[in-house]
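Me: I'm trying to learn how the words people use for a protein model are justified. Could you go through some of them with me?

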Amino acid sequence: MDTKSKNKLGLVLASLLFLCLTSLSFLASADIASRIEYLQEDRYYKTSDFQQELDQFIDMVKTYHFNFRGYAEKTEAEKLGDQYEQLKSEFDNSSAEQMEQINQHYASLIEEAEASGKAENVPKLEQTRGQELQKIRQSQEASFRQALKQAVAEKDREYKDVEDGLAFRSESFHYYILNKNRDEVYANVPNPPSAEELKANSVFSVRIPSTDNETDSYLRWNNHFFQTNHWEGIVYIPKNVEGYSLIQSNAQYFSSIRERLLKECALLVISAAAAIGLFLYLRRHAAELSFVEGFLSLLRRIPIDLRALVLLFAVLCAVELAFSVSFFSLPIRPKQFVILGLESCAVAYLSFCLIEATRINRDHELWQQQWQKSLFVKYRDLLTDVLANRNMLVKFVLMVGLTLAFPVCALTLLYSLERRDLVLFLFSGTYCLFYVTAVLPYILRRISLMNKIFRGAEEMAAGNLDHQIIATGKGNLFRLADNLNNIKQGFKASVEGQVKSERLKSELITNVSHDLKTPLTSIVNYVNLLKEENLKPEEIASYIEVLDRKTQRLKVLIDDLFEASKMASGAVELQVENVNVASLLNQALAEFNDKIEESSLTFRVQVEHQQMFARLDGNKTWRVLENLIVNALKYSLPNTRVYVSLSEQNEEVILTMKNVSAYEIDFDAEELFERFKRGDKSRHTEGSGLGLAIAKSIVELQGGRLEIEIDGDYFKVTVAFPK
């Protein structure tokens with residue numbers, strides 16, 4: 001027992017370890033896949049960030065040594081270049097415009113003074129004009145000097161920024177560039193490095209201008225500048241730097257990621273190999289994994305399509321979690337255990353789904369069972385039921401829509417009153433009035449009818465079959481109420497029929513017992529008499545005659561019962577042919593002519609014509625006629641007439657036989673077709689009570705019909721044979 005528990009615990013631990021290792025392999029694969037480019041050596045020097053840094057540095061070199069060449073020794077005008085001329089031109093134009101306005105103003109004043117004879121004021125006006133012009137010159141000159149100073153200061157800042165930028169990047173980038181036009185060298189290293197020195201002391205280098213057609217786009221436009229100005233040189237990044245270097249720091253970061261990914265590759269191989277080994281081990285001991293069956297039984301309670309959706313969601317979450325969250329980072333935090341646990345749960349669910357899918361693939365009956373319990377099948381059946389009566393669905397949706405629109409229109413009505421919007425008021429008010437007067441009463445009537453239907457169903461369930469659901473109108477609910485009433489009537493008729501059937505069954509047992517017991521009792525009694533000694537020969541002969549008569553009576557009863565059973569079950573072979581019914585009736589009457597004459601009855605026979613044919617079995621039809629004639633002879637009131645008629649109507653040959661019953665018939669005419677049912681309730685006649693039942697079965701087997709009508713003591717039998 002102890003060994004079994006240890007084995008079971010070992011299998012559980014192996015299963016958990018398999019899930020963890022599989023999840024760890026997946027996390028490692030996802031991390032490697034998402035950072036696969038970091039596995040390349042010197043990956044940083046191929047990134048866009050580095051390309052931007054290099055491009056910015058080359059722009060600084062070009063700007064410093066070309067745009068700001070000899071900047072410190074230049075005058076203000078030389079520093080600004082075209083900007084100086086543009087600035088000076090702007091101020092000169094502004095000064096000229098102001099001076100022109102002053103000259104025009106004072107020119108008009110001087111003309112007015114001369115015209116008015118005040119020439120003595122002209123020198124004063126000219127002096128004032130000169131003073132204002134001088135102020136404008138001085139003001140414009142001061143403004144120009146101030147603007148010039150600001151422009152030069154801005155230019156100095158640009159120069160300083162470029163100079164500082166080159167100084168800041170001097171540890172990250174080394175360059176040596178030769179200007180062939182001026183035979184000048186621009187560099188931050190004393191000598192150009194040789195190929196061996198570059199290979200030994202640099203991690204990246206680029207020659208400008210580059211002749212490589214695959215040169216990155218950031219160098220192409222710089223190539224054009226270097227080629228146009230006959231500059232050439234090299235830019236490289238040294239391996240060892242003395243101070244801080246952003247480039248070196250970023251490169252080291254990329255290298256650390258590469259080292260981590262290499263370790264993850266090793267971890268992936270180890271964990272995947274271990275997971276495969278555990279899988280093979282668990283597969284060999286699959287029969288002992290009892291907890292798997294428990295989980296699978298729980299899994300089967302979930303509909304198969306919902307199971308598939310959950311699986312898809314779990315896989316997507318696992319993939320998103322693996323690719324969006326950094327798992328392999330130090331120090332180890334609780335979040336990493338949570339991630340590993342979530343991934344293991346996803347792997348476990350996937351494993352159980354795969355096991356179940358394998359079983360379903362092998363057992364199609366299992367697939368059918370689970371598919372029939374799926375949400376798709378349930379919703380399909382529900383939609384089928386919903387759409388089976390689209391009229392009701394449309395009404396329901398329409399009523400819900402109209403009801404939801406009512407509060408909106410009510411609020412709109414209040415809003416229109418506040419805003420005094422006549423159009424909106426009329427629209428919303430009309431709808432509210434329509435809902436209150438038409439829709440709401442319609443809904444209330446349906447609810448009232450539904451309550452009546454519920455009460456009616458409860459009454460019927462309680463056994464009150466006289467309860468009537470009162471409903472008038474049209475629609476599905478009215479039809480439902482009418483159907484419930486019909487069901488109630490049908491159920492009531494069924495109950496009454498069942499009661500009647502039980503009563504007839506009791507009578508059948510009683511009648512059979514009586515009809516069989518009477519001759520059987522006589523037989524037993526006379527057999528006992530024959531056992532007595534000293535009987536005279538004439539007594540023995542008399543007893544034997546009685547025994548023979550009673551035995552024949554018992555035989556007739558049993559034969560009739562057997563034949564009635566065969567007829568009722570349909571286990572009879574008919575020899576159908578064209579039979580002249582008129583001739584057959586005449587033969588039957590002739591056969592019973594002696595008995596008719598012995599009786600006090602008078603037979604009145606009327607045959608429409610002597611050639612009336614029907615597709616019948618002659619022998620079986622003869623039995624029908626025989627039973628009807630015997631029935632009339634036994635149960636007709638003495639000294640009355642029996643009317644027999646034969647005629648053709650449409651596609652049928654109609655035989656009718658009418659007589660007055662000698663016994664009171666106080667039961668349903670259909671009961672006469674029941675076995676052992678007689679008009680003579682006292683059962684003094686010697687009939688078996690099976691004649692009419694046999695006759696009806698024979699007629700119906702041949703496609704005809706036999707009906708009985710009773711009016712008081714008046715008895716009428718109608719037989720219709722198909723022509």
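**Why these words fit**

Reply: Sure, let's start with Asn 631, which counts as buried at 18% relative accessibility. Keep in mind that this is a predicted model.

Me: Why is Asn 631 called buried?
Reply: Buried means under 20% relative accessible area, and Asn 631 has 18%, so the word applies. Asn 631 sits in helix H20, residues 618-635. Leaving out residues up to four places away in sequence, Asn 631 touches Leu 692 and Phe 715. Leu 692 is 61 residues away along the chain, and yet its C-alpha atom is 8.0 Å from that of Asn 631.

Me: What about Gln 140, buried or exposed?
Reply: Gln 140 has a relative accessible area of 11%, so with the cut-off at 20% it is buried. Gln 140 belongs to helix H5, residues 122-168. Its contacts, not counting residues up to four places away in sequence, are Phe 91, Ser 94, Ser 95 and Gln 98.

Me: What makes Asp 42 partly exposed?
Reply: That label covers values between 20% and 50%, and Asp 42 has 43%, so it gets the label. You'll find Asp 42 in the loop between helix H1 (2-34) and H2. Its phi is near 55°, a positive value in a residue other than glycine. Most residues other than glycine have a negative phi.

Me: And why is Arg 420 called exposed?
Reply: Exposed needs over 50%, and Arg 420 has 77%, so that's the right word. Arg 420 is in the loop between H14 and H15, and its phi, near 60°, is positive too.

Me: How do you know that the length of H14 agrees with what a helix should span?
Reply: H14 has 30 residues (390-419), and at 1.5 Å a residue they should span 44 Å. The C-alpha atoms at its ends are 42 Å apart, so the two values agree. Met 399, Leu 402, Cys 409 and Ser 416 are buried in H14, and the buried residues of this helix pack against helix H15 (422-461).

Me: How does H8 do in that check?
Reply: H8 runs over 39 residues, 246-284, with an expected span of 57 Å. Its end C-alpha atoms are 57 Å apart, which agrees. The buried residues of H8 include Ile 247, Phe 254, Glu 264 and Leu 282.

Me: Why is H9 called roughly perpendicular to H11?
Reply: The axes of H9 (residues 290-300) and H11 (residues 334-362) come within 10 Å and cross at roughly 80°. Angles of 65 to 115 degrees count as roughly perpendicular, so the name fits. Among the residues making the contact are Phe 295 and Leu 299 of H9 and Tyr 349 and Phe 352 of H11. The contact residues divide into 8 nonpolar, no polar and 4 charged.

Me: What makes S2 and S3 edge strands?
Reply: The open sheet has 4 strands in the order S2-S1-S4-S3, paired antiparallel. S2 (184-187) and S3 (202-208) each have a single partner strand, so one side of each has no neighbour in the sheet.

Me: How do you know that S3 pairs with S4?
Reply: Pairing takes at least two bridges, and 6 bridges join S3 to S4 (residues 231-238). As an example, Phe 204 has Ile 237 in S4 as its bridge partner.

Me: Which kind of peptide bond joins Ile 208 and Pro 209?
Reply: A cis one, with omega at about -5°. Most peptide bonds are trans. Pro 209 lies in the loop between S3 and helix H7 (217-228).

Conventions
Residues are numbered from 1 along each chain as its sequence is written. This is a predicted model: local features need pLDDT of at least 70, side-chain atom pairs count only at pLDDT 80 or more; totals for chains, interfaces and linings use all residues. Side-chain values use heavy atoms; hydrogens and water are left out. Axes are lines fitted to C-alpha atoms, for helices over the stretch in contact, and angles run from 0 to 180 degrees between N-to-C directions. Helices (H or I, at least four residues) and strands (E, at least two) are DSSP runs, numbered from the N terminus. Angles under 35 degrees count as roughly parallel, over 145 as roughly antiparallel, 65 to 115 as roughly perpendicular and the rest as oblique. Contact means heavy atoms within 4.5 Å. Ala, Val, Leu, Ile, Met, Phe, Trp, Tyr, Cys and Pro count as nonpolar, Asp, Glu, Lys and Arg as charged, and the others, Gly among them, as polar. The expected span of a helix is 1.5 Å times one less than its number of residues. Buried means under 20% relative accessible area, exposed over 50%, partly exposed in between (1.4 Å probe, protein chains only).
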